[in-house]
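Hi,

Here is the structure I promised to pass on. Have a look at it first, then read my notes below.

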There are 2 protein chains.
Amino acid sequence: MADSTPEAGSLAGGAEGHRRLAELIPVALRAFADGTAERGGPAPAGGPATVAASLAAADAPLLPREGVGATRALEGLSRLLAAGSVDPAETWCAAHLHCPPLAVAVAADVVASAVNPSMDSWDQAPAASEIEREFAGGIAALCYPGAAAPDAVVTTGGTESNMLGLLLAREREPGVVPVCGRNAHHSVARAAWLLGLPAPVVVDCAGDRLLPGALDTALAGLPGPAVVVATAGTTNTGEIDPLPAVAEVCRARGARLHVDAAYGGMALCSPALRHLLDGLDRADSIALDMHKFGWQPISAGLFVAREAADLSALTVRAEYLNADDDTEAGLPDLLGRSIRTSRRPDAFRMAVTLRALGTDGMGALVAHCRDTAAAVAAAIGEHPALRLWGAPTLSTVLFRPVAADHLDAGAGDELVAGVRRALLEAGTAVIGRATLPPRAGGPERLWLKLTLLHPSATPADYAPLLDVVAAAVPVREAGVRAGQSTVGS
Amino acid sequence: MADSTPEAGSLAGGAEGHRRLAELIPVALRAFADGTAERGGPAPAGGPATVAASLAAADAPLLPREGVGATRALEGLSRLLAAGSVDPAETWCAAHLHCPPLAVAVAADVVASAVNPSMDSWDQAPAASEIEREFAGGIAALCYPGAAAPDAVVTTGGTESNMLGLLLAREREPGVVPVCGRNAHHSVARAAWLLGLPAPVVVDCAGDRLLPGALDTALAGLPGPAVVVATAGTTNTGEIDPLPAVAEVCRARGARLHVDAAYGGMALCSPALRHLLDGLDRADSIALDMHKFGWQPISAGLFVAREAADLSALTVRAEYLNADDDTEAGLPDLLGRSIRTSRRPDAFRMAVTLRALGTDGMGALVAHCRDTAAAVAAAIGEHPALRLWGAPTLSTVLFRPVAADHLDAGAGDELVAGVRRALLEAGTAVIGRATLPPRAGGPERLWLKLTLLHPSATPADYAPLLDVVAAAVPVREAGVRAGQSTVGS
């Protein structure tokens, strides 16, 4: 079939690139709109088999020998992607730290992709380097307002940032042992494995927060140097470790401190919430993610160091990218700002977004999510069929059907897991899960989780969802809950 | 200033997202066009100080407290980025393995960014998972046509893929020692450092190709297991190691083989060029980059394993992403397909591109670049003021001014480096550099490098550039070359 839009081999850049993009992007947007309408909710109905069948039914081989042209490829696959996606712009898509991106960030990324700066040398990214440098400096100052020479680098996300936290510690002190709370993200243990460090020493928590006394005991028992990873916004609950007390223990024990603030860090933009992060600036390094609060498309990670000099561990020389004589002649050396080599300018869309919103505007979106979570938690607290884990600190709300508490532990957890899967499979709602003790203490149980990152959702959006969850509990267990005898199954 | 376009906090997704993108993307494209016109060539003139001054003069703080709105932020920064970028869509921007992206790939990425699938769990990426799975399977079959169960995963680029090659070797055989040619990419040594492995044993090359005899000697001298990294398309010259001979040495010595085909791998799509990669399918794993040949915006890396089972080294479990009971209930487990956690669906735009072009169309673009390089090399060979390093295998052409050969080694190299920097600083051309012996043997010298990745450039585009390079040689050295006495300075 002939293709009236630009040839598949047409370029996005150069003097004519904007015209080709102005022809092709509307094709993609129409298909995106059609696919979204076809889906008609937060998730495709039918689960994995149905989604796989849609792709198969489309009969659209991804690596044909002969191509179908840019228009047909964009139309078909964009529609399939949209129809078969969970969409975090739908309020009931609330399982994960998976945000709905802002349109301004997506628009900015088009220019970044078309010009395609690669951040590993100045002669691939002149202006992008300057923008990244200024943006990183601004983020570093936000995290470390009192520090003399903080610095930040761009990463693929919290996982890479946490790895850098351990890597810098390893390079300063060979033999360093990672120590983290039981609430830490799995990437801490994975980074230790990747870097050839010992598995982290895991410290107990209460209410999903690291216990400073337990940390002190753990550090006292170590023969050598340690790097502590604390969390400001856990994945399970959004709780924030007691940072001032943790920092004090680290200081007293001579341990390095990295804080995984991938979730909570952007609360620094909110004058109303900033206090939650008191003590953050006592960390040696910090992980931030603007693809959580920050509303960027993935990826938009940042790694912030209190001392810019610590980043010298990443220094590497490659003649084709940063020859000594080029560096001496004034070409900035960018290679040592990442463990990657080719690297897209994700700082550009982060910078455009923050310039559009301002830090106050960004902080207001964070505060909105937190307020919504508080109201949803209050509604759960008053719901006769639901039990609340505890009041949220950030925007994560955990709860479970009361019916599950009337079963034995295993059956109750199965009920909770089944409700989550049933809503997902029906395409009704995308809800998360977490196994942990209630905040007030007690045995571990499986909870349902709402991670509220929609920047304009309201508590009223979630009231019907709570009823849907309650109604999803099978009749048999609901009967047990009400103390009735079981009638039928 | 009031902003008539969508509010800065408007979302890209949901039922209305496409409308907001249809308003904001044209704003970005106009600014991109204006900035490109302002630049008017392959690079901004004036070097780092001028680019930094442009950003400062724009007086556009990137983290203001109060935002300026989506339109103003997009307009100002998109124009600055375009005006201050080197643009690989300009034929004289030819320093690096830094491709001009195809418009179809950039358009596809808009949909990926708007829907924002995160590839770490099925409930964040239902259709994107299926598309990635099918695409990865197609790539794996392209690389390993005869293998029973090959598999591929998506990475940020060759650097991460090479790291995975060493990581999988480390997990199979603790104590493994990396071995690579002197021609290997710097990321091999960096990966060894990151992973806590010994520094690579470096094997001699001739003509920028690994010497199988030297490899055999190196492997014979190792007490324990080894992983060999060969290169199919070196960064300096585009040469391809003798893969069948290398594979045979590895087999005989029981060493694992990883091939860094980040540059050359997509030549598999070209029936005319595929023979260059004979022996590639004897490797245990392969690095590919579709942000080189492949014409994707960064990043578009792939790591291909002959045995899917080898990828089990990446297995990780995190209850919130891949709980055992969810996996048992049929939710695909995607977390173990990357060392990242949150991960954007870069496979989507790669798949749309290959569906648009077909593998034959993609192969034709690769062959076009190679043909252009051969013709440019021939022109250099006939140019009285330039000396050719050797005939290109892929699309890299190395040469130096004859005048540099008439100086002592240090002064000659300074001349070459100075020509490159002068053209870059003037915004005239972006040319690469490499230090190595001539292909035919001899002492190491600094060469100029053209890495030709423009899929529609012709040899005629580069003829004037060769004259510009020759003319850029300072008069004094040109005089020396011509055997004249030096007059003035």
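The two copies meet through the same surface, because 100% of the interface residues of chain A are also interface residues in chain B (contact means heavy atoms within 4.5 Å). Before going on: this is a predicted model, where local features need pLDDT of at least 70, side-chain atom pairs count only at pLDDT 80 or more, and totals for chains, interfaces and linings use all residues. Residues are numbered from 1 along each chain as its sequence is written, chains are lettered from A and ligands numbered from 1 in the order in which they are written, and side-chain values use heavy atoms, with hydrogens and water left out.

A turn of 180° and a shift of 0.0 Å along the axis lay chain A on chain B with an RMSD of 0.0 Å (least squares on the C-alpha atoms of residues with pLDDT of at least 70 in both). That is the relation of a two-fold axis.

Now look at helix α14 of chain A, residues 409–426 (helices are DSSP runs of H or I, at least four residues, numbered from the N terminus). Its 18 residues should span 26 Å at 1.5 Å a residue, and the end C-alpha atoms are indeed 26 Å apart (the expected span is 1.5 Å times one less than the number of residues). Buried residues in α14(A) include Leu415(A), Val419(A) and Leu423(A) (buried means under 20% relative accessible area, with a 1.4 Å probe and protein chains only). After α14(A) comes Gly427(A), with a positive phi near 75°.

Cheers

Methods. Helices (H or I, at least four residues) and strands (E, at least two) are DSSP runs, numbered from the N terminus. Buried means under 20% relative accessible area, exposed over 50%, partly exposed in between (1.4 Å probe, protein chains only).
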